[in-house]
Amino acid sequence: MSSSFREAFRGFGWELLEGIRQTADERISDAEFEERILGIEKSTISMIEVGVDEEQIIRMLQKHWDLRLSEARAFVKNCKNCT
């Protein structure tokens with residue numbers, strides 16, 4: 001019975017550890033994503049404040065942040081409401 005019990009739970013510790021690692025990785029990914037969004041917002045607001053043309057801001061966001069056109073436009077629109 002002891003050997004069958006051990007066999008049934010073999011690898012259980014590794015599965016538990018993998019689950020913990022996956023949860024930690026998800027939290028790190030979420031934090032990285034939030035930091036990226038904050039960076040894009042700060043960049044956008046800065047360009048708006050110094051008077052950069054809206055189309056130039058959109059091009060810069062696409063070039064340096066690898067955003068889609070619709071994403072870049074959304075950031076400009078949202079950040080204009082913040083200033």
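**View A. Glu71, a partly exposed residue with a relative accessible area of 29%, shown with its salt-bridge partner Arg68.** The model is a predicted one, in which local features need pLDDT of at least 70 and side-chain atom pairs count only at pLDDT 80 or more, whereas totals for chains, interfaces and linings use all residues. Residues are numbered from 1 along each chain as its sequence is written, and side-chain values use heavy atoms, with hydrogens and water left out. The side chains of Glu71 and Arg68 meet in a salt bridge at 3.4 Å, N to O (a side-chain nitrogen of Lys or Arg within 4 Å of a carboxyl oxygen of Asp or Glu). Arg68 counts as exposed, at 59% relative accessibility (buried is under 20% relative accessible area, exposed over 50%, and partly exposed in between, with a 1.4 Å probe and protein chains only).

**View B. The salt bridge between Lys80 and Glu54.** A search of the whole structure finds 2 salt bridges, and in the one formed by Lys80 with Glu54 the closest N and O atoms are 2.4 Å apart. The pair links distant parts of the chain, with Lys80 in helix α4 (residues 69–82) and Glu54 in helix α3 (residues 54–65), 26 residues apart (helices are DSSP runs of H or I with at least four residues, strands are runs of E with at least two, and both are numbered from the N terminus). Lys80 is partly exposed, with a relative accessible area of 41%, and Glu54 likewise counts as partly exposed, at 34% relative accessibility.

**View C. The surroundings of Thr44 in helix α2.** Thr44 is buried, with a relative accessible area of 0%. When its neighbours within four places in sequence are left aside, Thr44 is in contact with Ile57, Leu61, Phe75, Val76 and Cys79 (contact means heavy atoms within 4.5 Å).

**View D. A patch of negative charge on the surface, with Glu26 among its members.** Glu18, Asp25, Glu26, Asp30, Glu34 and Glu35 gather in this patch (like charges joined within 9 Å, from residues with over 30% relative accessible area and no salt bridge). Glu26 is found in helix α2, which spans residues 12–49, and at 44% relative accessibility it counts as partly exposed.

**View E. Asp66 in the loop between α3 and α4.** Although Asp66 is not a glycine, it has a positive phi of about 55 degrees. At 67% relative accessibility, Asp66 counts as exposed.

**View F. Arg59 of helix α3, paired with Leu69 by C-alpha distance.** Arg59 and Leu69 are 10 residues apart in sequence, and their C-alpha atoms are 8.3 Å apart in space. Arg59 counts as partly exposed, at 45% relative accessibility.

**View G. The setting of the close-ups within the protein, whose secondary structure comes to 4 helices and 0 strands.** Read along the sequence, the protein follows the pattern α-α-α-α, and 16% of its 83 residues count as buried. Among contacts in the protein with a separation of 6 or more, 50% are accounted for by residues 24 or more positions apart. The accessible surface of the protein comes to about 6,800 Å², of which 54% belongs to carbon and sulfur atoms (areas come from the Shrake-Rupley method with a 1.4 Å probe).

Notes: Patches are made of residues with over 30% relative accessible area and no salt bridge: like charges are joined within 9 Å, nonpolar side chains (Val, Leu, Ile, Met, Phe, Trp, Tyr) within 5 Å. Lys and Arg count as positive and Asp and Glu as negative; His and the chain ends are not counted. The place of a charge is taken as NZ of Lys, CZ of Arg, CG of Asp or CD of Glu.
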